[in-house]
Amino acid sequence: MNSITKKKTRVSDYLLYVLIYASAAISILLLVGIVGYVFVRGIGNINWQFLTTVPSTIKGTFGIAGNIVNTLYIVIITLLIATPIGVGSAVYLNEYAKPGKVVTIIEFTTEVLSGIPSIIFGLFGMVFFGTTCGFGYSILTGAFTLTIMVLPLITRNTQEALKTVPETYRSGALGMGATKWYMIRTILLPSAMPGIITGIILAVGRIVGESAALLFTAGSGYLLPKAGAGIFKKILESGGTLTIQLYLCMSKAQYGEAFGIALVLLVIVLGINMLTKYLSTKFDVSNRP
Amino acid sequence: MTKNKEKTFSIIGSHKTKSVVEHTAQIIFTICAFFAVLAVISITIYMFVNGTPALAKVGITDILFHSVWKPTAATPEFGILFVILTSVIGTFLAILLGVPIALMTAIFLAEVAPKRLAGIVKPAVELLAGIPSVIYGLLGILILNPVMYKLETAIFKGSETHQFTGGANLISAVIVLAIMILPTVINISESAIKAVPGHLKSASLALGASHIQTIFKVILPAAKSGIVTAIVLGVGRAIGEAMAISLVSGSSVNFPLPFNSVRFLTTAIVSEMGYASDTHRQVLFTIGLVLFVFIMLINISLNTILKKGNVEHE
């Protein structure tokens with residue numbers, strides 16, 4: 001094929017092909033193995049009581065309702081803070097800033113933030129939000145810590161989305177007399193919305209799967225918030241997410257419960273993954289007719 | 001509702017209100033942008049402020065170059081040399097194990113695979129990246145550790161010096177880390193390989209080189225800087241991982257030999273921060289600082305690689 005007359009067979013070529021196919025097979029088998037194993041070991045532990053109650057030492061039962069609610073709290077509060085800041089930062093970088101030192105510094109620090117391991121965020125959150133700001137072990141401390149962690153994710157996705165908005169949209173709007181903020185608000189942000197939403201969903205995935213940054217910030221509370229004012233008080237109380245509960249079960253060698261939680265987490269992660277896939281194909285500009 | 005509001009922003013709106021709104025918007029966006037800078041600066045300051053007191057109190061050499069870790073003894077000793085060595089060696093081994101597989105998979109995705117097959121492998125890799133790290137830890141304990149225990153009992157049968165670990169050892173942790181860096185390295189090297197200009201490949205094929213020769217002698221060298229970036233990011237991910245390996249590695253301070261129960265920088269923090277106090281706690285922050293310094297070095301080298309890569313392309 002490659003030579004005109006006859007293809008020369010090279011042993012090393014075949015060997016490398018085998019290696020390449022084997023490596024790809026390993027990656028797939030790992031995923032199938034992990035998902036399958038968790039599913040098989042976890043499905044038996046999931047029942048109505050497991051999903052809707054909190055652990056009770058009196059009845060000797062176990063449930064993760066409190067952890068599910070805590071996870072929701074942390075996801076919502078984190079996104080409420082991180083989304084405006086992340087989007088704002090991307091708008092500044094893409095629309096206002098002139099290329100130069102300032103932009104380089106901001107982009108470098110955003111890179112650094114996304115490279116810092118979550119355990120460091122956990123330490124920082126513990127001493128800064130927990131001790132210096134006085135929030136202690138609480139959902140709020142955890143949410144603040146995670147805000148810093150997911151910020152680069154939202155910023156970068158918004159930036160990518162803003163870059164794909166055609167320059168003609170901007171000049172068209174400005175040429176018709178729109179002010180810059182008006183143009184951003186009515187033209188740019190709506191056009192970049194799919195990218196922003198993808199960033200937010202990726203952030204949700206990161207928050208749901210996070211554990212090291214939360215262990216020493218949000219703590220490990222497992223109770224449901226009380227009705228009424230308790231719903232708001234809860235954010236100042238300790239609350240362990242699903243991953244934290246999974247870790248605690250693991251260290252206590254309660255593997256059945258651990259696999260139950262792992263399965264719930266996997267389902268959430270799979271769902272998030274499919275959602276981002278769907279969004280990115282639906283809104284992909286290059287796919288449009 | 002919007003009609004009235006929009007009028008203020010239209011051409012007939014007064015110049016004054018418009019410029020006030022414009023200015024406020026710009027200031028708010030600028031503040032948002034500096035949030036990341038602020039965060040990095042305050043994290044750096046806090047890590048140094050909390051991490052250095054122990055160095056002064058216990059002595060730099062007594063912490064960094066001393067290997068006995070007895071934080072709760074009557075005369076406590078805080079040597080973290082073995083912990084640092086474990087993180088360095090563990091990360092190195094994970095890279096050694098994970099990168100070849102990841103690189104081959106990236107080649108598969110970018111060059112070898114038929115489109116439909118790539119359409120199955122790529123989402124699988126993305127999913128691997130999304131699986132929470134505690135789940136890797138859980139599987140490590142229940143699948144890897146028993147296997148390692150069998151190996152251990154077979155190898156060290158009758159040994160009197162070996163401390164049996166029940167399978168929670170360096171190898172288990174390295175395997176978990178290697179799996180966890182796969183998605184990072186695969187994704188970034190794949191896009192690096194795909195970014196290699198097509199004419200290089202065509203030229204090589206036209207000269208009679210086989211596809212494999214083209215991949216390894218032309219495409220990979222051309223994608224070098226992207227692949228190095230991928231590996232450096234993989235190092236960052238491996239050295240910073242905590243929850244997945246905290247139980248799998250056995251978590252007692254030992255010299256990082258394959259079948260020893262070991263403790264990484266990250267797992268040292270995770271396993272003791274809950275109950276540590278006073279000097280012990282400060283030393284844990286020093287461990288955090290060491291980790292932070294490693295990560296910063298990785299970030300800075302990454303930045304230089306990227307810059308160099310950009311210059312090369314120009």
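Student: At roughly what angle do the axes of helix α4 (residues 81–112) and helix α10 (residues 224–240) of chain B cross?
Tutor: This is a predicted model. In it, the axes of these two chain B helices come within 9 Å. Oblique angles include those from 115 to 145 degrees, so α4(B) is oblique to α10(B). The crossing angle is roughly 135°.

Student: Is the crossing of α4(B) and α10(B) left-handed or right-handed?
Tutor: Two packed helices are described by the angle between their axes and the distance between the axes. Residues that meet here include B:Ala94 and B:Gly98 from α4(B), with B:Ile231 and B:Gly234 among those from α10(B). The crossing of this pair is right-handed.

Student: Which helix of chain B has an axis that comes within 9 Å of the axis of helix α1 (residues 11–43) of chain A?
Tutor: The two axes cross at roughly 55°. That makes the two helices oblique, because angles from 35 to 65 degrees fall in that class. On the chain A side, A:Ala24, A:Ser27, A:Ile28, A:Leu30 and A:Leu31 take part. The partner in chain B is helix α5 (residues 115–130).

Student: Which residues of α5(B) do the residues of α1(A) meet?
Tutor: The crossing of α1(A) and α5(B) is left-handed. Five residues need naming on the α5(B) side. They are B:Val121, B:Ala124, B:Val125, B:Leu127 and B:Leu128.

Student: How many helices are there in chain A?
Tutor: Chain A has zero strands. From the N terminus on, its elements run α after α. The count of helices is twelve.

Student: What is the radius of gyration of chain A?
Tutor: The globule rule gives 19 Å for the 289 residues of chain A. The chain's own value is well over that, so chain A is more spread out than a compact globule. Its C-alpha atoms fill a box of roughly 75 × 65 × 35 Å along the principal axes. The radius of gyration is 24 Å.

Student: What radius of gyration does chain B have?
Tutor: Chain B holds 13 helices and two strands. Its C-alpha trace spans about 90 × 65 × 40 Å along the principal axes. A compact globule of 314 residues would have a value near 20 Å. Chain B has 26 Å.

Student: Which helix gives the largest share of the largest nonpolar core?
Tutor: This core has 178 residues. Among those with the most contacts inside it are A:Leu246, B:Val176 and B:Ile287. The largest share is 17 residues. It comes from chain B, from helix α7 (residues 170–194).

Student: Is A:Thr71 buried or exposed?
Tutor: A:Thr71 sits in helix α3 (residues 65–96) of chain A. Its C-alpha atom is 7.5 Å from that of A:Gly240, which lies 169 residues away along the chain. A residue is buried at 20 or more other C-beta atoms within 10 Å; A:Thr71 has 27, so it is buried.

Student: Which residues does B:Asn145 touch, not counting residues up to four places away in sequence?
Tutor: B:Asn145 is in helix α6 (residues 133–155) of chain B. It is buried, with 22 other C-beta atoms within 10 Å. Its C-alpha atom lies 9.0 Å from that of B:Ser249, 104 residues apart along the chain. The residues touched are B:Gly140, B:Gly166, B:Gly167, B:Ala168, B:Ser172 and B:Val248.

Student: What is the phi of A:Ala253, about?
Tutor: Most residues other than glycine have a negative phi. A:Ala253 is not a glycine, yet its phi is positive. It is found in the loop between α11 (242–251) and α12 (255–283) of chain A. Its phi is about 60°.

Student: Does B:Asp278 count as buried or exposed?
Tutor: B:Asp278 is in helix α13 (residues 278–313) of chain B. Its phi is near 50°, a positive value in a residue other than glycine. The limit for exposed is 12 or fewer C-beta neighbours within 10 Å; B:Asp278 has 11, so it counts as exposed.

Conventions:
Residues numbered from 1 in each chain as written. Chains lettered and ligands numbered in written order. Predicted model: local features only at pLDDT ≥ 70, side-chain atom pairs only at ≥ 80, totals over all residues. Core = buried A, V, L, I, M, F, W, Y, C linked by C-beta atoms within 7 Å. Helix = DSSP H or I, 4+ residues; strand = E, 2+ residues; numbered from the N terminus. Rg over C-alpha atoms; globule rule 2.2 N^0.38 Å. Axes fitted to C-alpha atoms, helices over the stretch in contact; angles between N-to-C directions. Left-handed = near helix turned anticlockwise from the far one by under 90°. Contact = placed C-beta atoms within 7 Å.
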